Every structure is written in C-alpha cells, then in structure tokens.
Amino acid sequence: MSLVYVFFADGFEEVEALTTVDLLRRAGEDVRMVSIMGRKNVTGSHNISVDCDMVFEEIGKTADLLVLPGGLPGTDHLRAHRELNHLLMEQYNDGRLLAAICAAPSVFAGLNFLKGRKATSYPGCVDPSLCGEYVEDAVAVDGNIITSRGVGTAIPFALALIGVLEGQEEADKIAASIVYR
C-alpha cells in the first residue's frame with residue numbers, strides 16, 4: 001500500500017480529483033485528500049464542495065505519490081502555494097512519483113520538471129518548449145512524472161497511477177471492476 005496525497009484547492013476540477021481518489025482507494029492505496037486552503041472544506045470549479053481528510057499543515061509522512069488535479073482557479077492556487085511547491089521540489093529531487101492532470105501539469109512545467117520529458121496537459125496549458133516531447137496521449141508517463149489531459153482522461157490517468165504503484169495486473173483488475181472498456 002502506497003501513501004498518496006491528492007491536493008485540493010478552491011476551483012479544482014471535481015471529476016479529475018475525485019475519480020483519482022476513488023480508483024486509487026479501490027486499489028487499496030492510502031489516499032489522503034489534502035486541502036491547501038487552510039480549511040478542510042473546498043469547493044470545486046463546478047460548485048461541488050468536498051471535505052478533505054486534512055489540511056496541508058497536517059502533512060507528516062513523506063508520500064509515495066503526490067497528485068495535482070486541474071481546474072481553474074484551482075491550478076492557480078496550487079501554483080501560488082509556496083509550501084506545496086517546496087514539497088513538490090523535494091519529491092522531484094528524491095525521484096519519487098508526481099502526477100498532474102489537465103491544467104496542473106503547468107505547475108510542473110513552471111518548476112522545470114518537464115524539461116527533457118514526455119508530457120501532456122489540457123490543450124494550451126503547457127508550452128511544448130518546456131517539455132522534452134509534448135504529446136496528445138491520454139496519459140504520459142516518463143520516469144517519475146505522470147501527466148494527463150483532462151476530465152475525459154481521468155479514468156485512464158487514475159488507472160495509470162495504479163499501474164505505476166501496483167502493476168498493470170492491478171490496474172486491469174480495477175478497470176474490469178468499474179466496467180471500463
């Protein structure tokens with residue numbers, strides 16, 4: 001079982017965040033929904049409110065995987081959160097897993113995580129010159145960086161994370177259990 005932090009900010013994309021949390025929990029991962037807003041209740045970009053498990057200041061253990069959902073202005077809040085960016089840098093420098101979907105790969109681009117790597121994002125959110133290779137695949141996995149495109153790729157994104165953490169057999173098992181393809 002891996003420890004996973006999924007970061008929530010007001011204006012997050014609900015489908016991307018909650019699909020990721022749901023499928024990772026189905027796979028048996030220890031997933032913590034972490035608010036960076038200083039309060040547990042966070043409201044998504046489509047006015048759906050959720051109660052997170054914890055606030056950023058309560059983070060203790062080092063996670064195996066850090067996940068940034070997209071959405072606006074959620075991604076802007078993630079980008080502006082200094083302590084989160086410091087945590088992302090530590091994770092990156094230690095070679096541990098990082099994942100972002102939709103507009104959120106732009107946070108990674110701004111931290112130079114995508115330089116020399118294959119990556120994707122919501123169209124127009126990441127300058128291709130900041131990547132080694134910008135692709136339009138549903139999910140791009142390059143070393144410890146996993147990126148994805150948006151709401152329509154939330155299930156393949158979550159399944160790719162399961163595959164990286166637990167192996168393709170587990171990802172296939174979860175896909176079958178939700179009647180995906």
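Trainee: At what angle do H5 and helix H6 pack?

Mentor: This is a predicted model, and in it H5 and helix H6 (residues 168–177) pack at about 145 degrees. Their axes are 7 Å apart, and the crossing is right-handed.

Trainee: Which residues make that contact?

Mentor: From H5 you have Leu159, Ile162, Gly163 and Glu166. H6 brings Gln168, Glu170, Ala171, Ile174 and Ala175. Sort the residues of this contact by type and you get five nonpolar, two polar and two charged.

Trainee: Why do residues three or four places apart point the same way in an α-helix?

Mentor: An α-helix has 3.6 residues a turn, so positions spaced like that end up facing the same way. Try it on H5's list here, where Leu159, Ile162, Gly163 and Glu166 touch H6.

Trainee: What sits between H5 and H6, then? Which residue comes just after H5?

Mentor: Look at Gly167, just after H5: its phi is positive, about 105 degrees.

Trainee: And how does H5 pack with H1?

Mentor: Helix H1 (residues 14–26) and helix H5 (residues 154–166) pack at an angle of about 35 degrees, and their axes are 9 Å apart. This crossing is right-handed too.

Trainee: Which residues of H1 and H5 meet there?

Mentor: H1 uses Val15, Glu16, Thr19, Thr20, Leu23 and Leu24. On the H5 side they meet Ala154, Ile155, Phe157, Ala158, Leu159, Leu161, Ile162 and Leu165. By type, the contact holds 11 nonpolar residues, two polar and one charged. Notice that Leu159 and Ile162 are in this contact and also in the one with H6.

Trainee: Is H5 largely enclosed or open, and how can I tell?

Mentor: Count its buried residues, meaning those under 20% relative accessible area. In H5 that is 10 of the 13, so the helix is largely enclosed by the rest of the structure. Among them are Pro156, Phe157, Ala160 and Gly163.

Trainee: What span should H5 have, given its 13 residues?

Mentor: Use 1.5 Å a residue: H5 should span 18 Å, and its end C-alpha atoms are 18 Å apart, so the two agree.

Trainee: Can we try a loop residue? Where does His81 lie, and is His81 buried or exposed?

Mentor: His81 is in the loop between helix H2 (74–80) and helix H3 (82–93). His81 counts as buried because its relative accessibility is 11%. Beyond its neighbours within four places in sequence, His81 is in contact with Ile36 and Phe56.

Trainee: Which domain feature does UniProt place here?

Mentor: The unreviewed UniProt entry puts "domain: DJ-1/PfpI" at residues 4–162. That span is 30% helix and 25% strand, and its end C-alpha atoms lie 11 Å apart.

Technical notes: Residues numbered from 1 in each chain as written. Predicted model: local features only at pLDDT ≥ 70, side-chain atom pairs only at ≥ 80, totals over all residues. Heavy atoms only, no water. Axes fitted to C-alpha atoms, helices over the stretch in contact; angles between N-to-C directions. Helix = DSSP H or I, 4+ residues; strand = E, 2+ residues; numbered from the N terminus. Left-handed = near helix turned anticlockwise from the far one by under 90°. Contact = heavy atoms within 4.5 Å. Nonpolar A, V, L, I, M, F, W, Y, C, P; charged D, E, K, R; others polar. Expected span 1.5 Å × (residues − 1). Buried < 20%, exposed > 50% of the residue type's maximum accessible area, 1.4 Å probe, protein only. UniProt positions renumbered as here; feature names shortened; annotations may be inferred.
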